[in-house]
Amino acid sequence: MEGASVTFFITFQKIYYPLICLMGIPANLFTFYMICFRKCGMSNTAIIYLSCLAIVDTFYLVWVILIDLTLTFWLLQPFWHSHPWCGILAFLQYGSLCSSSWIVVVFTIERYLVLRSTAAKQHFSQARVTKLTCAAIILVSHLVSVPPAWINTVMPVNLTMNGENMTMSRCIYRDKVYSTVIVWITTFLSGGIPIVLVIIFNYLIGHHLWRATNLFTKEEHRIMHGRSTRGMLKRTILLLGTVSVAFVVLSLPRFVTYCILRTMYNDVNFDRDDYSLPINVAGDFANMLQNLNSTTNFLLYCMVSRRFRREIVQVAMCKAKALVLRSILTHTTMKVFSVIDHNASPSSRPAAVVLTNLKLTE
């Protein structure tokens, strides 16, 4: 990449990262509001996982995209190129990235266990367990992110600004064995292992759902549910496949390029801003994909709910929150129907009623 191509690539990044901030941060905060304060038809555990994911993704967008990437192009001497902010920012970035990845992983594993076991469903359906799990994920993720606070160091660097040579302090990578080892470990913890686990458990979920639907014929499904579930099953498996592919496609390039940069090019004299080198272009492009993943992966999980989409329309049209009906009555002359009391306790079950005789009264 030379000349005009380098200028275009730098200009594109100056536009891309602020745009991601303007779209990603409000989108995550808005989705947090929708899930927590609107009736989106999600379970209590899903609300906790997804709202927690929205918050950590928002912090990732602030620490990485807004501060480290966007302001870098606009500030001559950013504050994080000094002590102690150099190490603190690295700690916050790795902590938020690791938290986001593992919330997705644990949420996926939890869905698989709920499908497989009734006992697991009863255990994981408790909001208290889910809250403790999310808190533990965030705490452990930030604990393992403490060592990366020392992979960078602040050193004076000679720079050319507007044709003038200047010496400024810069937070640069520490050329030590310690840094290389820590980078390998944290990169696998925040990228490699989560990618593999998400692929495996989404495949297991899809396989389990497919086997479950084959236990009954299409006509039996119509009798039990009043509709064909095969189409719904296909859409569910397609969604799980989309989530897995999106997570892998957007996260894997950064995992690969980051490992290459911190091993083959692990030199204090290596110029990361030299776009004549293909690895620098590939590394920045991989970072763009990773940051896009942190902006969109939350919506991939949320948009599966029709109620969520309906509530978005309600908010967009400035309508009040839909009233919760005290009971919902659905019936036909040849079908079992249920009366669902929304004010009943969570342990109560819908009462099954069968029409045996219809009598016209005046």
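Which helices and strands each supply at least two residues of the lining of the second largest pocket? Let's work towards that, and towards other parts of this structure, in a few exercises.

The model is predicted, so local features need pLDDT of at least 70, side-chain atom pairs count only at pLDDT 80 or more, and totals for chains, interfaces and linings use all residues. Residues are numbered from 1 along each chain as its sequence is written, and side-chain values use heavy atoms, with hydrogens and water left out.

**Exercise 1. Describe the second largest pocket.**

Step 1: Start with the terms. On a 1 Å grid over the protein atoms alone, a pocket is an open set of points with protein on both sides within 12 Å along at least five of seven lines, a cavity is a set of points where a 1.4 Å probe fits but cannot get out, and lining residues have an atom within 4 Å of a point. Grid points are joined across faces, edges and corners, and a volume is the space filled by probe spheres set on the points. Helices (H or I, at least four residues) and strands (E, at least two) are DSSP runs, numbered from the N terminus.

Step 2: Find the volume. The second largest pocket holds about 1,900 Å³ of space. Its lining has 50 residues, and the closest to its centre are Asp 68, His 81, Cys 171, Arg 272 and Asp 273.

Step 3: Answer the opening question. H1, H2, H3, strand S1 (152-161), strand S2 (164-173), H8 and helix H9 (278-302) each supply at least two lining residues. H3 gives the most, with seven residues.

Step 4: Sort the lining by class. Ala, Val, Leu, Ile, Met, Phe, Trp, Tyr, Cys and Pro count as nonpolar, Asp, Glu, Lys and Arg as charged, and the others, Gly among them, as polar. The lining of this pocket then has 29 nonpolar, eleven polar and ten charged residues.

**Exercise 2. Now describe the largest cavity.**

Step 1: Count first. There are four cavities of 30 Å³ or more, and the largest cavity has a volume of about 70 Å³.

Step 2: List the lining. Leu 97, Ser 101, Thr 187, Ser 190, Gly 191, Ser 251, Arg 254, Phe 255 and Gln 290 line the largest cavity. By class, these are two nonpolar, six polar and one charged.

Step 3: Place the lining. Helix H3 (85-116), helix H6 (177-213) and helix H8 (230-261) each supply at least two of these residues.

**Exercise 3. How do H1 and H2 pack, and how do H2 and H5?**

Step 1: Know how angles are read. Axes are lines fitted to C-alpha atoms, for helices over the stretch in contact, and angles run from 0 to 180 degrees between N-to-C directions. Angles under 35 degrees count as roughly parallel, over 145 as roughly antiparallel, 65 to 115 as roughly perpendicular and the rest as oblique.

Step 2: Take H1 (residues 4-37) and H2. Their angle is about 160°, with the axes 9 Å apart, which means that H1 is roughly antiparallel to H2. The residues of this contact divide into 18 nonpolar, five polar and one charged.

Step 3: Take H2 and helix H5 (residues 127-143). Here the angle is about 25°, with the axes 9 Å apart, so H2 and H5 are roughly parallel to each other.

**Exercise 4. Are Leu 50 and Ala 286 buried or exposed?**

Step 1: Recall the cut-offs. Buried means under 20% relative accessible area, exposed over 50%, and partly exposed in between (1.4 Å probe, protein chains only).

Step 2: Check Leu 50. This residue sits in helix H2 (residues 44-70) and is buried, with a relative accessible area of 3%. Leu 50 and Thr 31 are 19 residues apart in sequence, and their C-alpha atoms are 8.9 Å apart in space.

Step 3: Check Ala 286. Found in helix H9, Ala 286 is buried, at 1% relative accessible area. Ala 286 and Leu 250 are 36 residues apart in sequence and 7.7 Å apart in space, C-alpha to C-alpha.

**Exercise 5. Find the loop that holds Pro 84 and describe the bond before this residue.**

Step 1: Pro 84 lies in the loop between H2 and H3.

Step 2: The peptide bond from His 83 to Pro 84 is cis, with omega near -5°.
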